[in-house]
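User: I would like to learn how to read this structure, step by step. Please start with the ground rules.

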Amino acid sequence: MAKRKTPKSEDFGNFFDNLAALAEEKGIDTSILAEKIKFAIEKSLKSNLHLDDTENSVVVNIDFEHRIFDVSILKEVIEVVDTLYEPEIEIVLEEARKIDPTLEVGDKVRCPIDTHTFKRIAAKNAKDLIKQGFSNAERQRMSELWGEYENEAVSAVVSKIEPSGHVTVEIAHNEVILPRSEQIPGEMLEVGQVIKVYISGVSKEYKEGDKNQYLKVSRTDKWLIKRLFELECPEIYDGTVEVKAVSRAPGSRSKIAVISNDPNVDAVGACIGPQKSRINAVTKEIKGEKVDVVLYSEDPEEFIKQALKPADVTRVVITNPNPDSRMCKVIVTDNQLSLAIGNKGQNAWLAAKLTGYKIDIKAESAVTPEDFEVVPLDEKYLVQDTPEEDGENAENNEITDSEVTSEEQSVETAETTALENAEDSDEAEQTAAEE
């Protein structure tokens, strides 16, 4: 018994079902996907048939409600078939009048074409264009979805790890590249692992085919530390405790300055949590990176003292109060010098980034009167007050690269000075012993 042939009108049932499933999976409206398919088929046919791209010669109709999918081409009516006959764009008068009896030679008539035939004509071109259109639709949805979450931390699932070190993570069914440069140094990620990433950049405007669209995610951004504390510390989330500044050396150490807006709430204690539970949760997420929570103060000298913890600072002198070149001298006891500077100058560097001041650390034994010379405030800053900068705006208060270089030189100078002082002290002791 011969197998019953399925009518052509039912051939596209799976097409609409699959398209609806894809739209649901990607979170994209079916009408948007339909438009991408229309565009791809029209462009592919026009290219294949050498039609002017500006002409409305190809029409694609995709109707989800009535499950209609048809393609038609605008053809010119000719009298008889000749040697120059082009069946793709021409139709003889006899055939044309079957569509419309009023047609004459030279008229234009829209003729439906078999979509199965179309697949043989330009299937590959259409397929590539459809895939490109779907990618554009995904990027557009991503821009709209995550635009409001820029500068926020979200959960991501590691889906692929490249040999180069780049990692593909999945965020709300969208794949995003986490570059190696944005991963915490020394961190070993695994497929299926759930991590927190900071959305540091989202393309705001969507343009068809725009190659510059992006969703930039990072695990090294300093503001990831703030967002992690917000998740662990309700007092930060509700505004009782405020994060004023953050500095970070990814994979090694971070400093976060906080202040309480409620006199009954200890800002530092709230961030650390009972039995260090909150700060331990943060350090676990960033793979053991140490975090120093310090108390913020409007008094720059006190703030610098706090920023240099765990070292005990004897005295802070603001030697240059001008906002564009803030500098200070920090005096510590001789046995606190190495702790204040930190390993390879890291503690001093983080404190400088946190406060916005270039910090020159000196031991008490190496202090000279010149160390306390103060540069007067520039007249331009006496006319108008300097706007306060806090929270994420504290980024504008950071020292520049040149200042960082100068600061590192200052740290090296402090270390050299400390060594010279130690040598002088040894010589003095030797002289005293000889006498």
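Analyst: Contact means heavy atoms within 4.5 Å. Helices (H or I, at least four residues) and strands (E, at least two) are DSSP runs, numbered from the N terminus. This is a predicted model: local features need pLDDT of at least 70, side-chain atom pairs count only at pLDDT 80 or more, and totals for chains, interfaces and linings use all residues. Residues are numbered from 1 along each chain as its sequence is written, and side-chain values use heavy atoms, with hydrogens and water left out.

User: Which residues of helix 11 does helix 9 meet?

Analyst: Start on the helix 9 side, with Phe303, Ile304 and Ala307. The contact residues divide into five nonpolar, one polar and no charged. Here Ala, Val, Leu, Ile, Met, Phe, Trp, Tyr, Cys and Pro count as nonpolar, Asp, Glu, Lys and Arg as charged, and the others, Gly among them, as polar. In helix 11 the partners are Ala351, Leu354 and Thr355.

User: At what angle do helix 9 and helix 11 pack?

Analyst: Axes are lines fitted to C-alpha atoms, for helices over the stretch in contact, and angles run from 0 to 180 degrees between N-to-C directions. Helix 9 spans residues 300-307 and helix 11 spans residues 346-355. Their axes lie 9 Å apart, and the angle is about 145 degrees.

User: Is Pro300 buried, partly exposed or exposed?

Analyst: Pro300 is found in helix 9. Leaving aside neighbours within four places in sequence, Pro300 is in contact with Ile318 and Tyr357. Buried means under 20% relative accessible area, exposed over 50%, partly exposed in between (1.4 Å probe, protein chains only). The relative accessible area of Pro300 is 27%, so Pro300 is partly exposed.

User: Which residue is the bridge partner of Ile318 in strand 14?

Analyst: Two strands pair if DSSP finds at least two bridges between them. An open sheet of three strands has the order 13-14-15, with mixed pairing. Strand 13 and strand 14 pair in the antiparallel sense over five bridges. In strand 14, the partner of Ile318 is Cys328.

User: Which element gives the largest share of the largest nonpolar core?

Analyst: A nonpolar core is a set of buried Ala, Val, Leu, Ile, Met, Phe, Trp, Tyr and Cys residues joined through side-chain atoms within 4.5 Å. The largest one has 26 residues, and those with the most contacts inside it are Ile304, Cys328, Val330, Ile359 and Ile361. Elements giving two or more residues include helix 9, strand 13 and strand 14. The largest share, four residues, comes from helix 11.

User: Which strands stand at the edges of the sheet with the order 10-11-12?

Analyst: This open sheet has three strands and mixed pairing. Eight bridges join strand 10 to strand 11 (residues 253-260), which run antiparallel. Each edge strand has a single partner strand, so one side of each is left without a neighbour in the sheet; the edge strands are strand 10 (241-249) and strand 12 (290-295).

User: Which side chains of strand 1 point to one face and are buried?

Analyst: In a regular strand the side chains alternate between the two faces of the sheet. Strand 1 covers residues 58-63, and Val59, Asn61 and Asp63 point to the face that is not buried. Six bridges join strand 1 to strand 2 (residues 68-78), which run antiparallel. The buried side chains are Val58, Val60 and Ile62.
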